[in-house]
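Please open the structure in your viewer and keep the selection tool at hand. The stops below are meant to be taken in order, with a pause at each one to look around.

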Amino acid sequence: MKDLPVRKKIRLTGYDYSQANAYFITICIEDRHEILGNVVGDGVLDVPTVQLSKYGAVVEKRIKEISENYNHIQIQKYVIMPNHVHILMLVLNNENGTSRTPSPTNAVIPSFVSTFKRFVHKDCGFSLFQRSYHDHIIRNENEYHKIWQYIDTNPMKWQDDYYFVP
């Protein structure tokens, strides 16, 4: 019998992902296929942006819908790139009642990502995203501003991006 690969743990051990904080999430397309859109524009007067495909439009629709239905999450900024999505979000204290996902039993970030992926996959009719995702706990205001800037400028730096596949 062949040994299955051991998956690396990517969540911060012992950290409660349901607590109020800012988070930077990156979710990639399986095998980095560029199916969410194309980066268009190539100059100072024609600033590069992402022209979404029909799948990219589904992703954007679901980001907006899910964030509206999670009253304890605020999507601060996002960018849909050809083969991945970056989301900067705030998880708020939920002092006015309980959320749909009790904390800390079901952490908010994994629940958000799981729901988001499930709805996108259902709408598209197949699985787009890889199994895992990357998250980063934003520790201070300076880091928050750097990530905001990174999201803003990501389409302009597409060919130098870690996720770019030539």
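The tour begins with confidence, then visits a helix, the cores, the cysteines and the salt bridges.

**Colour by confidence**

What you have open is a predicted model, so begin by colouring the chain by pLDDT, which averages 84 over the protein, with 80% of the residues scoring at least 70. Next select residues 96–105, where the pLDDT is below 50, and note that this stretch has eleven contacts in the model beyond near neighbours in sequence.

**Helix α2**

Now select α2, residues 108–124, a helix of 17 residues that reaches 24 Å from its first C-alpha to its last, close to the 24 Å expected at 1.5 Å a residue. If you show its side chains, you will find a number of them buried, including V108, F112, F116, V120 and C124, and the buried residues of the helix pack against β1, α1, β4 and β5. Just past the end of α2 comes G125, whose phi is positive, near 90°.

**The largest nonpolar core**

Which residues have the most contacts inside the largest nonpolar core? They are I25, V59 and F129, in a core of 27 residues. Two or more residues come from each of β1 (21–28), α1 (54–69), β4 (73–80), β5 (84–91) and α2, and it is α2 that gives the most, with seven residues.

Centre the view on F129 and, leaving aside its neighbours within four places in sequence, display what is in contact with it: I27, C28, I29, E30, V59, V85, F116, K117, V120 and H121. Then move on to a second, separate core of eleven residues, which includes A22, M81, L88 and I138.

**Two cysteines**

While C28 is still in view, select C124 as well: C28 counts as buried at 5% relative accessibility, and C124 also counts as buried, at 15% relative accessibility. Should you be looking for a disulfide, a search of the whole structure finds zero.

**The salt bridges**

How many salt bridges does a search of the whole structure find? It finds four, and a good place to start is R62, whose side chain meets that of E65 in a salt bridge of 2.9 Å, N to O. These two residues are separated by about one helical turn, because they are three residues apart in helix α1. R62 counts as buried at 14% relative accessibility, whereas E65, at 29%, counts as partly exposed.

Keep R62 selected and add D123, with which R62 forms another salt bridge, the closest N and O atoms being 2.7 Å apart. R62 lies in helix α1 and D123 in helix α2, so this pair ties together parts that are 61 residues apart in sequence. D123 is partly exposed, with a relative accessible area of 32%.

For the next stop, select K77 and D152, which form a salt bridge with the closest N and O atoms 2.8 Å apart. Here too the pair links distant parts of the chain, since K77 is in strand β4 and D152 is in helix α3 (residues 141–153), 75 residues apart. D152 counts as partly exposed, at 40% relative accessibility.

To finish, select K61, R62, E65 and D123 together, which are joined into one network by salt bridges that share partners.

How values were computed: Residues are numbered from 1 along each chain as its sequence is written. Side-chain values use heavy atoms; hydrogens and water are left out. A nonpolar core is a set of buried Ala, Val, Leu, Ile, Met, Phe, Trp, Tyr and Cys residues joined through side-chain atoms within 4.5 Å. Buried means under 20% relative accessible area, exposed over 50%, partly exposed in between (1.4 Å probe, protein chains only). Helices (H or I, at least four residues) and strands (E, at least two) are DSSP runs, numbered from the N terminus. Contact means heavy atoms within 4.5 Å. A disulfide is a pair of cysteine sulfur atoms within 2.5 Å. pLDDT is the predictor's confidence in each residue, from 0 to 100. The expected span of a helix is 1.5 Å times one less than its number of residues.
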